[in-house]
Amino acid sequence: MPLTFELCPDRMIGGSHPCYIIAEIGQNHQGDIEIAKKMIKMAKDCGADCAKFQKSELEYKFNKKALERSYTSKHSWGKTYGEHKRHLEFSHDQYKELQKYAKEVGIHFTASGMDEEAVEFLHKLNVPFFKVGSGDTNNFPYLEKTAQKGRPMVVSSGMQSMETMRRVYQTVKKYNQNFAILQCTSAYPLEAEDVNLRVITEYQKEFPDIPIGYSGHESGISISVAAVALGAKIVERHVTLDKTWKGSDHEASLLPTELAELVRSIRLVERALGSGIKTMLPCEKPCHDKLGKSVVAKVKIPKGTALTLDMLTVKVAEPMGVAAEDIFQLVGLSVLEDVGEDESVTPEVVDNYGKRVKS
């Protein structure tokens, strides 16, 4: 059983607990705090567990030349990449405002700390868990410092190899037992051929004592639902209010109707996964009573006769006789009374039948 832990107050993940669904708002808020609030409310209304953002302290995430480079994309909010990112970056006070609003709405609130200074701010903000974006998964000094904060962690694995993820596991585990790893492919939007859901099962083998999840950038919800069927305990998907908005993430994001359907589908799949114990269920009894087959006499069998296989057959019978799967158990046993041709061979007419079945 994968490790279970409390990711957020009163919300356990892993094991048999429900999949934790993260609505990744990221920077799809267009730099507008009112849109950000609408998206938080939307995530709550659609049934997501968490509304997540991306927090950067730009001078710590990028060097000067990266911030000064020209940015002429159709998605740009400024002439340089720095101007673009500053437009989309909320201040500390705005994050506090959003956190307060999420609490009022009743949904968990956190963010990916995109650099060490951002992690320090989020730690002071008292977010329930840290999300590590794929871009920092191989940033081992960052991982160590983040793990040492003691908060639960969710680590995406886009752009990484299994060898790197083994190092990630060992690095975080040294300081922090409560973390999960998400299978992720960092492409926007993501084609089905590049999703590689089987990595989920490989992670489950490699890291059997932590929950494994999925962070998706594909179109639609089917692949994310399949991830849950494979055992994903966390699902993270980008969300938007309009896929035509400026920004490279919108195309790979879910609209409110899609997010709501994803939540419904995940909960349905969780119900369908069941216990893994194969047995006849109470809901199957009506079908069994109507169509279940049992042992019938192929010929007339006089009292005291030792049964042979050629005397017996299997049919839908009234009354129901010995279960079909026990027909071979009857061979060599004697009947205690006459059994007519085509009549049910019931347990009561076979000497020592119950004892043989039990043994």
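Select strand E7, residues 153-156, where both faces are covered: Met 153 and Val 155 on one side, and Val 154 and Ser 156 on the other, are all buried (buried meaning under 20% relative accessible area, exposed over 50%, and partly exposed in between, with a 1.4 Å probe and protein chains only). In a regular strand the side chains alternate between the two faces of the sheet. The strand and helix labels are DSSP runs numbered from the N terminus, with at least four residues of H or I for a helix and at least two of E for a strand.

What you have open is a predicted model, in which local features need pLDDT of at least 70 and side-chain atom pairs count only at pLDDT 80 or more, while totals for chains, interfaces and linings use all residues. Residues are numbered from 1 along each chain as its sequence is written, and side-chain values use heavy atoms, with hydrogens and water left out.

Keep E7 selected and add its neighbours. Strand E6 (residues 130-132) pairs with E7 in the parallel sense over three bridges, where pairing requires that DSSP finds at least two bridges between two strands, and Phe 130 stands opposite Met 153 in E7. Strand E8 (residues 179-184) also pairs with E7 in the parallel sense, over four bridges, and here Val 154 stands opposite Ala 180 in E8. Now show the connecting helices: E6, helix H7 (residues 140-147) and E7 make a right-handed β-α-β unit, and E7, helix H8 (residues 162-175) and E8 make a right-handed β-α-β unit as well. Right-handed here means that, with the strands pointing away from the viewer, the path from the first strand over the helix to the second runs clockwise.

On H8, pick Glu 163, which counts as exposed at 59% relative accessibility. The C-alpha atom of Glu 163 is separated by 26 Å from that of Ile 13, although the two residues are 150 apart along the chain.

Next, go to helix H6 (residues 116-125), in which Ala 118, Val 119, Phe 121, Leu 122 and Leu 125 are buried. Viewed down the axis of H6, these buried residues fall within an arc of 160°, and they therefore line one face of the helix; the arc is that of the directions from the helix axis to the C-beta atoms. Their cover includes strand E4 (50-55), helix H5 (92-105), strand E5 (108-113), E6 and H7, counting as contact any heavy atoms within 4.5 Å. At the N-terminal end of H6, Asp 115 acts as a cap, with a side-chain oxygen 3.1 Å from the backbone nitrogen of Glu 117. Asn 126, which follows H6, has a positive phi, near 70°.

From H6, move to E5, which is mostly covered, five of its six residues being buried. E4 and E5 run parallel and are joined by six bridges, and the bridge partner of Lys 55 in E5 is Gly 113.

Then colour the cysteines. A search of the whole structure finds zero disulfides, a disulfide being a pair of cysteine sulfur atoms within 2.5 Å. Cys 8 is in no disulfide, and the nearest cysteine sulfur, that of Cys 50, is 5.9 Å away. Cys 8 is buried, with a relative accessible area of 1%, and Cys 50 is buried too, at 0%.

Finish in helix H10 (residues 222-229) with Ser 224, which is buried at a relative accessible area of 0%. Leaving aside residues up to four places away in sequence, Ser 224 touches Tyr 214, Glu 218, Val 235, Arg 237 and Leu 262.

How values were computed
A polar contact is a pair of N or O atoms within 3.5 Å; within protein, one must be able to donate a hydrogen and the other to accept it, and residues adjacent in sequence count only if both atoms are side-chain atoms.
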